[in-house]
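Work through the exercises below with the structure open. Try each task before you read its solution.

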Amino acid sequence: MLGSKYSLACALITLMSGASSVSAFAPAKSFVRQSLSTLNAEAINDNVSQTEDTKRGKVMTFSYDMSMEPKYEKPTYPGTGNGLSGDEGEYDVIVIGSGMGGLSCGAISAKYGDKVLVLESHIKCGGSAHTFSRMHNGGKYSFEVGPSIFEGLDRPSLNPLRMIFDLLDEQMPVETYTGLGYWTPEGYWRFPIGSKQTFEDLLMERADDGPKAVAEWNALRNRLKTLGGSTTAVSLLNLRQDPGFLATTAGSLPFVLTHPDVFLDLNLTFDSLHKTVDQIVTDPFLLNFIDTMCIFCGFPAKGAMTAHMLYILERFFEEGACYSVPVGGTCALGDTLVRGLEKFGGKIQLNAHVDEIIVEDGRATGVRLKNGKIVKANKAVVSNATPFDTIKMLGTEQELPSEVQTWKDELGKLPRHGAIMHLFIAIDAKDLDLSHIEDPAHLVIQDWDRSMQDSQNLCSFFIPSILDKSLCPEGKHVIHVYSSGGEPYEPWEKLKPGSEEYEAYKEDRAQILWQAVERCIPDVRERVEFSIIGSPLAHEAFLRRDRGTYGMAWAAGKGAPQSGLLSSVIPFPFPNLKTPVDGLLRCGDSCFPGIGTPSAAASGAICANTMNPVGKHLDMLEEASKRDPMYKFLNPGFLGRVYQPLVEGMTPSTELKVEESQQA
Ligand SMILES: Cc1cc2nc3c(=O)[nH]c(=O)nc-3n(C[C@H](O)[C@H](O)[C@H](O)COP(=O)(O)OP(=O)(O)OC[C@H]3O[C@@H](n4cnc5c(N)ncnc54)[C@H](O)[C@@H]3O)c2cc1C
């Protein structure tokens, strides 16, 4: 959520680990698929049992062994498309999926001059960030299915998504607000952003010992100051996964020379944030607050990568920082990126589900659509689908080399977050007094002693129509309520959508979401025009994410599988965006820097940069740096051009190089 999570240290390590993992195919070995009969998910995991007693401090992840169920797939829901569109063709780059990662990758690749096709399974673009509408009594009501909290979209900022909009020269109108409403066991309070002082005032008011809490807060910020400061030394958009990064990040040299301690904190950057927090912070209110700030990335402070908090610590307290509501709905994010894609000659095809990534002689050469048609990719295929959905597209009909099979198996077993429960409510706002709240976005916690990953403990609600009147008829409001990503999937899997049992279970699990809104609008149930409960099965179908997962969940502290050679030295918590299949890359929120729209967009930009020569990347950074004084830091300047000839021949890396004659 929120903002980008990044530091110079992260960047350098990512790049080094990425550069070191450029791989070619291992000799082919036959692929022995395990029998489906060996599958007994409940016997091999504690996905459900762990959620039954969720003590605070317990870190919950969910896991499945997808090698045992390579075809695991749910039918698509009506309203999301049958996935049967799409034509044959030939492109430089095919991107599977139009989430923030896929669209950013597609649009920037198109700007670099690649002939790009984005293939989206759903009838709408945006992935998790799409909007759906329902007609009711002749009026249109629009709801978000996913993200609602966006910082740094209102003006040129360090949010990579905003930087990409500016790079594409595309505007997205927003309304703004300056806080998050919190409904906790102690009552209602507000987390204000955009002012250091107002946050300290909150600590003085709410903490047991105000002055001590303020001192601890400032000590934590000071401890992470150098790492946080590096976010303005080099940006995520400067990154690429090949030796070209030496040129594109060269502008950070003055910062590194003046802040050599940044290197001493390399491990800390990737480590679990709680290790630093626990050394400095003792105030319970502050500890709770820090956990809630982390939870949008999936984990509380225990399990969250320290880098997640750096942006928040640095930027949220700067004068003028605010949240945005995209006018017209969150779908505006995707629409803006699509305009950028098409402006540079790229195309998007909706309702085009990819069944298979075609691999020939060790190289991804295209995709087979659900309708059977083949689309060729001369340079690369990029999957924006989750790792769990990506591996379903590989090896359905081919035999895979052992190296690829290992990669597939490891990705398929990665721990992940659980699913999400949704409640969409349209209400009549006649005589509704909302003067006791200031913001559209709210967080609700039932019990501080229970895990924040517990879907029956923490949830959020969002009333965008407070600021954006275009989302529903006058005098009404639309509300999206959603649980944390800790809803176990297994009980849902056993139920048939539409059955009495399923409907009853939906009602039961959604009670907590109703109660959350009741804290703010006590008579919400009497005001209902209509409501829809979205189960994990619906989440899975609408967001096209295996078992409705909130995302990959590698708890910080040790290197993730397939994260590159340096992972034995540095705990880099993401599998690489490069894969053992030449010409196949990944982007999205399971890649560095993780969950959230800014991060997913950044991963798409890193992917596009990696597929192009360093010279083009430097040109793009120079151009971007002229768009606004705040983007000056993007330009690596003279030093970048000095390094360019040294690394140019190695960019893009060999497996991504395409002969001119092959270029589509
Ligand atoms: C309920 C909820 C609340 C959130 N709140 C916030 C928030 O407040 N702020 C924030 O910044 N982030 C938030 N997030 C996280 C954020 O939305 C995601 O991390 C981000 O949008 C994910 O982008 P992505 O690029 O990884 O891809 P996704 O959004 O997952 O998109 C992947 C796309 O690939 C497509 N696809 C998959 N398989 C295929 C196939 N075989 N063929 C073709 N297409 C395919 C899918 O249909 C999808 O469109 C929230 C997420 C959820 C679910």
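**Exercise 1. Confidence**

Task: State the average pLDDT of the protein chain and find where pLDDT stays under 50.

Solution. The model is predicted. Start with the chain: its pLDDT averages 90. Of its residues, 91% score at least 70. Now look for the weak stretch. Residues 1–43 stay under 50 throughout. The model has 130 contacts beyond four places in sequence for residues 1–43. Where pLDDT is low, predicted coordinates should not be read in detail.

**Exercise 2. Overall form**

Task: Compare the radius of gyration of the protein chain with that of a compact globule.

Solution. Take the chain length, 664 residues. A compact globule with that many residues would have a radius of gyration near 26 Å. The protein chain has 24 Å, so the value agrees with the globule. Next, take the box along the principal axes. The C-alpha atoms fill roughly 70 × 60 × 50 Å. Finally, list the secondary structure: 24 helices and 19 strands.

**Exercise 3. The ligand shell**

Task: Describe the residues around the ligand by distance, class and helix.

Solution. The shell has 39 residues. Those that come nearest are Gly 97, Gly 99, Gly 101, Gly 127 and Gly 588. Sort the shell by class: 18 residues are nonpolar, 16 polar and five charged. Then assign helices. Both α3 (100–112) and α22 (597–610) supply at least two shell residues. The largest share, three residues, comes from α3.

**Exercise 4. A helix pair**

Task: Classify the crossing of α4 and α22, then list the residues in contact.

Solution. Helix α4 covers residues 160–167. Its axis and that of α22 come within 7 Å. They cross at roughly 50°. An angle in the range between 35 and 65 degrees counts as oblique, so α4 is oblique to α22. On the α4 side, the contact uses Pro 160, Leu 161 and Ile 164. On the α22 side, it uses Thr 597, Pro 598, Ala 601, Ala 602 and Ala 605. By class, the contact has seven nonpolar residues, one polar and no charged.

**Exercise 5. Backbone exceptions**

Task: Locate the cis peptide bonds at Pro 593 and Pro 652, and place Asn 137, which has a positive phi.

Solution. Begin with the general expectation: most peptide bonds are trans, and most residues other than glycine have a negative phi. Phe 592 and Pro 593 are joined by a cis bond with omega about 5°. Pro 593 sits in the loop between β19 (584–586) and α22. Thr 651 and Pro 652 are also joined by a cis bond, with omega about -15°. Pro 652 lies in the segment after α24 (637–647). For Asn 137, phi is near 50°. Asn 137 belongs to the loop between β3 (131–136) and β4 (139–144).

Conventions
Residues numbered from 1 in each chain as written. Predicted model: local features only at pLDDT ≥ 70, side-chain atom pairs only at ≥ 80, totals over all residues. pLDDT = per-residue confidence, 0-100. Contact = placed C-beta atoms within 7 Å. Near = placed C-beta within 6 Å. Helix = DSSP H or I, 4+ residues; strand = E, 2+ residues; numbered from the N terminus. Nonpolar A, V, L, I, M, F, W, Y, C, P; charged D, E, K, R; others polar. Axes fitted to C-alpha atoms, helices over the stretch in contact; angles between N-to-C directions. Parallel < 35°, antiparallel > 145°, perpendicular 65-115°, else oblique. Rg over C-alpha atoms; globule rule 2.2 N^0.38 Å.
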